[in-house]
Amino acid sequence: MKSTASIFTPLMILSAVVMLVAGCSHDNSLEPTSASPVTQSFVVDPLEATDPGIFVETYDSRHNEGGWSFHTTHKPVIEEEGGNPGGYLHDESVITFAPSPSTAPGIESIFTGNYRERKVTSLGIDLRCLDYEYDITNRYLALMLMNDNGTPLDEMDDWGAYIIGSTKLPSKYVAWLSSTTTNEPGWVNYDFEIQSQSGSLPDGWVYFRNGSGAAVTPGGSWKQLMDNVSYVRFFYGDPELYYILQSFDLGLDNPRITWEE
């Protein structure tokens, strides 16, 4: 008769192998990239792209380069369909005076950094208004380039410059109206020229300082701003005006940046 030890030894070995395989399978599993879509930073080196080049965050891969959001405590989600085209960033509960799609404070990405060195030439975004309480279609979209003054968690000392574009905000009532024939219904394209090589504030731009609005001496020059853009912000209207507090249901897609050789 076999001993108890000799009977259980093979079973123990087999159990150990099963546990080891199961453990390895669990440890090597990959978390889905959509687990935290609005805080991820998928940094792209512009030097690895073609010169001149362009980077577009399409949200089709469920990344969110730069951590874009509508700058509220409510977090947006990446939708797989309904964008311009494909995936897009959606926030159904934006409660604010004026929505401001922005890159996340303190996150370095292809949208931030030294614009002068990289010879950045433009920034753009596609926007859609699914719903709002009060009409906003008399407003124009503005672009703000901001420097956080070395304190990314304190916006009150931030400074930069803004320019108001020539295209009005999209209307929820004319979802079929598009700015180009290639757009999906309801989406409007916005693109702004960036004169990153200019030695002075370009025409149309206005210096801005958080907490005090427009400023002649906001904390630095245009050259200093181009050397260090901490975050990008689009603003639904004039940054120096006040608007009615209301609730929005909004989408953004294809935030983009271009540069030369």
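Strand β4 (residues 120–132) and β11 pair in the antiparallel sense, with 10 bridges between them; strands are taken as DSSP runs of E of at least two residues and helices as runs of H or I of at least four, both numbered from the N terminus, and two strands count as paired if DSSP finds at least two bridges between them. Within this pairing, glycine 124 has arginine 256 of β11 as its bridge partner. The model is a predicted one, in which local features need pLDDT of at least 70, side-chain atom pairs count only at pLDDT 80 or more, and totals for chains, interfaces and linings use all residues. Residues are numbered from 1 along each chain as its sequence is written, and side-chain values use heavy atoms, with hydrogens and water left out.

Strand β11 has further partners. Strand β1 (residues 53–56) runs antiparallel to β11 and is joined to it by 4 bridges, with valine 56 standing opposite arginine 256. Arginine 256 of β11 thus appears opposite valine 56 as well as being the bridge partner of glycine 124. Strand β3 is also antiparallel to β11, through 6 bridges, and here leucine 89 faces leucine 252 of β11. How much of strand β11 is buried? Of the 14 residues in this strand (residues 246–259), 13 are buried, so β11 is largely enclosed by the rest of the structure. Buried here means under 20% relative accessible area, exposed means over 50%, and partly exposed lies in between, as computed with a 1.4 Å probe on protein chains only.

A second group of pairings involves strand β5 (residues 140–147), which is mostly covered, with 7 of its 8 residues buried. Strand β5 pairs with strand β6 (residues 159–168) in the antiparallel sense over 7 bridges, and leucine 143 stands opposite isoleucine 163 of β6. The pairing of β5 with β10 is antiparallel too, and is made of 6 bridges; in this case leucine 145 has valine 232 of β10 as its bridge partner.

Taken as a whole, the chain holds 3 helices and 11 strands. From the N terminus on, these elements follow the order α-β-β-β-α-β-β-β-β-β-β-α-β-β. Buried residues account for 45% of the 261 residues in the chain. Among contacts (heavy atoms within 4.5 Å) between residues at least 6 apart in sequence, 77% join residues at least 24 apart.

Attention now turns to charged side chains. Side chains of opposite charge can pair when their charged atoms come close. With a salt bridge defined as a side-chain nitrogen of Lys or Arg within 4 Å of a carboxyl oxygen of Asp or Glu, the count comes to 7. One of these returns to strand β11: arginine 256 forms a salt bridge with aspartate 126, their closest N and O atoms lying 3.0 Å apart. This pair links distant parts of the chain, with arginine 256 in strand β11 and aspartate 126 in strand β4, 130 residues apart. Both arginine 256 and aspartate 126 are buried.

Another salt bridge is formed by arginine 116 and aspartate 227, with 3.4 Å between the closest N and O atoms. Here arginine 116 belongs to helix α2 (residues 115–118) and aspartate 227 to helix α3 (residues 222–227), distant parts of the chain 111 residues apart. Arginine 116 counts as buried at 16% relative accessibility, whereas aspartate 227, at 28%, counts as partly exposed. Salt bridges that share partners join Arg116, Lys223 and Asp227 into one network.

The side chains of arginine 62 and glutamate 80 also meet in a salt bridge, at 3.9 Å from N to O. Arginine 62 lies in the loop between β1 and β2 (77–79), and glutamate 80 in the loop between β2 and β3, 18 residues apart. Arginine 62 is partly exposed, with a relative accessible area of 22%, while glutamate 80 is exposed, at 62%.

Finally, the open spaces of the model were examined. On a 1 Å grid over the protein atoms alone, a cavity is a set of points where a 1.4 Å probe fits but cannot get out, whereas a pocket is an open set with protein on both sides within 12 Å along at least five of seven lines, and lining residues have an atom within 4 Å of a point. The largest pocket has a volume of about 570 Å³, where grid points are joined across faces, edges and corners and the volume is the space filled by probe spheres set on the points. Its lining consists of 24 residues, of which Phe208, Phe235, Pro239, Leu241 and Tyr242 lie nearest the centre of the pocket. The elements giving two or more residues to this lining are β3 (88–96) and β10 (231–236). The lining residues of the largest pocket divide into 13 nonpolar, 8 polar and 3 charged, where Ala, Val, Leu, Ile, Met, Phe, Trp, Tyr, Cys and Pro count as nonpolar, Asp, Glu, Lys and Arg as charged, and the others, Gly among them, as polar.
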